[in-house]
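Colleague: Please take a close look at one part of this predicted model and go through its charged side-chain pairs. I would like one connected account.

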Amino acid sequence: MLVKGRKVSGRGEAVAANYAFGPLEDDVIIMHRLLTRTTTTRGEPPLKKLQKKFTSLFVEHDKNEDNYGDCDKLAKAFLQDLSTFEIPLLKSKVVVDGNLREKHNFDELREEINRQGR
């Protein structure tokens, strides 16, 4: 556990702030959460949940019985989870695309500055 001092506004006294993880561990945890699309350490990751819904849908479908109602219900649940999983991915794609455009603009600006400096 890391202990870091910080000042309390107005008093000038140092108060210990307790951190469960250090900066390196935080980076690893954040990277894992971004890669697995989880926001908390509790509960099932969304992709695993989606996989289970998909599997249950096709297990029900392969029973070859008159279970159209059950299949329809499972299909709707799967599609609902799929759409909720897709929204954060689309948001991430927009951010990545914007970052790539900014990088391209920065590279062009840097080249222009380098040409003017010669």
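**Salt bridges along helix α3**

Modeller: Lys-76 and Asp-72 are four residues apart in helix α3, so about one helical turn separates them. Their side chains meet in a salt bridge, with an N to O distance of 3.4 Å. Lys-76 is exposed, at a relative accessible area of 54%, and Asp-72 is partly exposed, at 41%. The cut-off for exposed is over 50%, which is why Lys-76 at 54% gets that label and Asp-72 at 41% does not.

Helix α3 covers residues 68–117. With 50 residues at 1.5 Å a residue, α3 should span 74 Å. The end C-alpha atoms of α3 are 72 Å apart, which agrees with that expected span.

Further along the helix is another pair, Arg-110 and Asp-107. Both residues lie in α3, three residues apart, which is about one turn of the helix. Their salt bridge has an N to O distance of 3.1 Å. Arg-110 is partly exposed, with 43% relative accessibility, whereas Asp-107 counts as buried at 18%. Buried means under 20% relative accessible area, so the 18% of Asp-107 falls within that class. This pair also belongs to a network of salt bridges that links Lys-103, Asp-107 and Arg-110.

The next pair reaches outside α3. Asp-81 and Lys-53 form a salt bridge through their side chains, at 3.3 Å from N to O. Asp-81 is in helix α3, while Lys-53 is in helix α2, residues 46–61. The two residues are 28 apart, and the pair links distant parts of the chain. Asp-81 has 15% relative accessibility and counts as buried. Lys-53 is partly exposed, with a relative accessible area of 27%. By the cut-off of under 20% for buried, Asp-81 at 15% therefore qualifies and Lys-53 at 27% does not.

Both of these aspartates, Asp-81 and Asp-107, appear among the buried residues of α3. The other members of that group are Cys-71, Phe-78, Phe-85 and Gly-98. What covers the buried residues of α3 includes α2, the helix that also holds Lys-53.

The count of salt bridges comes to seven. Those described here include Lys-76 with Asp-72, Arg-110 with Asp-107, and Asp-81 with Lys-53.

Notes. Residues numbered from 1 in each chain as written. Predicted model: local features only at pLDDT ≥ 70, side-chain atom pairs only at ≥ 80, totals over all residues. Heavy atoms only, no water. Salt bridge = Lys/Arg side-chain N within 4 Å of Asp/Glu carboxyl O. Buried < 20%, exposed > 50% of the residue type's maximum accessible area, 1.4 Å probe, protein only. Expected span 1.5 Å × (residues − 1). Contact = heavy atoms within 4.5 Å.
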